[in-house]
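I opened the model today and kept notes as I went. The entries follow in the order of looking.

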Amino acid sequence: MVGIVVVSHSAKVAEGIRELALQMAKPEQKIIAAGGMADGSIGTDAMRVSEAIVDAMTDAGVIVMVDLGSAVLSTDTALEILDENLRARVRIADAPILEGTIGAVVEASVGSPLEQVLATAEGAREMRKCL
Amino acid sequence: MTEIQLVLTNPTGLHARPASQFVQTASKFKSKVKISAGGKQVDAKSILGVMTMGLRSGTAFTVTADGEDEVECVAALASLVESKFGEE
């Protein structure tokens, strides 16, 4: 089952999204929050992200959900730190972080492969709310 | 092809957790499963599709399954809806 990492500048945002996503997850599913800096301040920390990716890793791989700007840069740096074998099984989703995480978690929960979980996360960009 | 008409009686409707339960249940079966309401139809195994339908409590919708396990699939989804997704 594909693991999910939630990277936000705010630890509370990352934790909150994880908390919400867990409502839809299977009990054994890995959703790891990597928000804020090590001292709790606002920012994104490549080390925390790389540790979260390792924690979330499964045979099926990991999708990283990011909030804004430097979250992507920190995740890129986190990937450089990682072993090449792990890196090959990680995708960064270009998606809204909350909606994308929910989509990814549900897609992963039914056992879909990495690229399909990524497609669902990114498909959340097009999701209309007010019909 | 097996088809059933259902009415959402849980308070939330087919959003959030109920939507994910619906998709997870549909995905257990090999059959192709669709839901339709108000002239729209989506793949019941697609969380984005189901969430985009925005079905509210009290709404009637149709579940259609096509495949070797279509009867069991429709029965499982009907049972989930009738159980109000465990909300009450």
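**Entry 1: the core.** I am working from a predicted model. I looked for the largest nonpolar core and found that it has 63 residues. I listed the residues with the most contacts inside this core: I4(A), V5(A), V6(A), I63(A), V64(A) and M65(A). I then asked which element gives the largest share of the core. Helix 5 of chain A, residues 97-109, does so with six residues.

**Entry 2: around V6(A).** I picked V6(A) from that list of core residues and looked up its contacts, leaving aside neighbours within four places in sequence. V6(A) is in contact with A14(A), I17(A) and R18(A). I31(A), A33(A) and A34(A) also contact V6(A). M65(A), I97(A) and T101(A) complete the set for V6(A). M65(A) is itself on the list of residues with the most contacts inside the core.

**Entry 3: chain A as a whole.** I count six helices and four strands in chain A. From the N terminus, I read the order as β-α-β-α-β-α-α-β-α-α. The radius of gyration of chain A is 13 Å, and the globule rule gives 14 Å for 131 residues, so chain A is as compact as a globular protein of that length. I noted a C-alpha trace of about 40 × 35 × 25 Å along the principal axes of chain A. Buried residues make up 47% of chain A. Of the contacts in chain A between residues at least 6 apart in sequence, 73% join residues at least 24 apart.

**Entry 4: the annotation.** I checked the UniProt record for chain A. The unreviewed entry places "domain: PTS EIIA type-4" at residues 1-128 of chain A. I find this span to be 48% helix and 16% strand, with its end C-alpha atoms 27 Å apart.

**Entry 5: chain B.** I count three helices and four strands here. The elements of chain B run β-α-β-β-α-β-α from the N terminus. The radius of gyration is 11 Å against 12 Å from the globule rule for 88 residues, so chain B is as compact as a globular protein of that length. Its C-alpha trace spans about 35 × 25 × 20 Å along the principal axes. I put the buried share of chain B at 39%. Residues 24 or more positions apart account for 70% of the contacts in chain B with a separation of 6 or more.

**Entry 6: where the chains meet.** How many residues does each chain bring to the contact? I get 10 from chain B and 13 from chain A. On the chain B side, helix 1 (16-26) and helix 2 (47-53) each give two or more residues. By class, I sort that side into four nonpolar, five polar and one charged residues.

Definitions and conventions. Residues numbered from 1 in each chain as written. Chains lettered and ligands numbered in written order. Predicted model: local features only at pLDDT ≥ 70, side-chain atom pairs only at ≥ 80, totals over all residues. UniProt positions renumbered as here; feature names shortened; annotations may be inferred. Core = buried A, V, L, I, M, F, W, Y, C linked by C-beta atoms within 7 Å. Buried ≥ 20, exposed ≤ 12 C-beta atoms within 10 Å, placed from the backbone. Contact = placed C-beta atoms within 7 Å. Rg over C-alpha atoms; globule rule 2.2 N^0.38 Å. Nonpolar A, V, L, I, M, F, W, Y, C, P; charged D, E, K, R; others polar.
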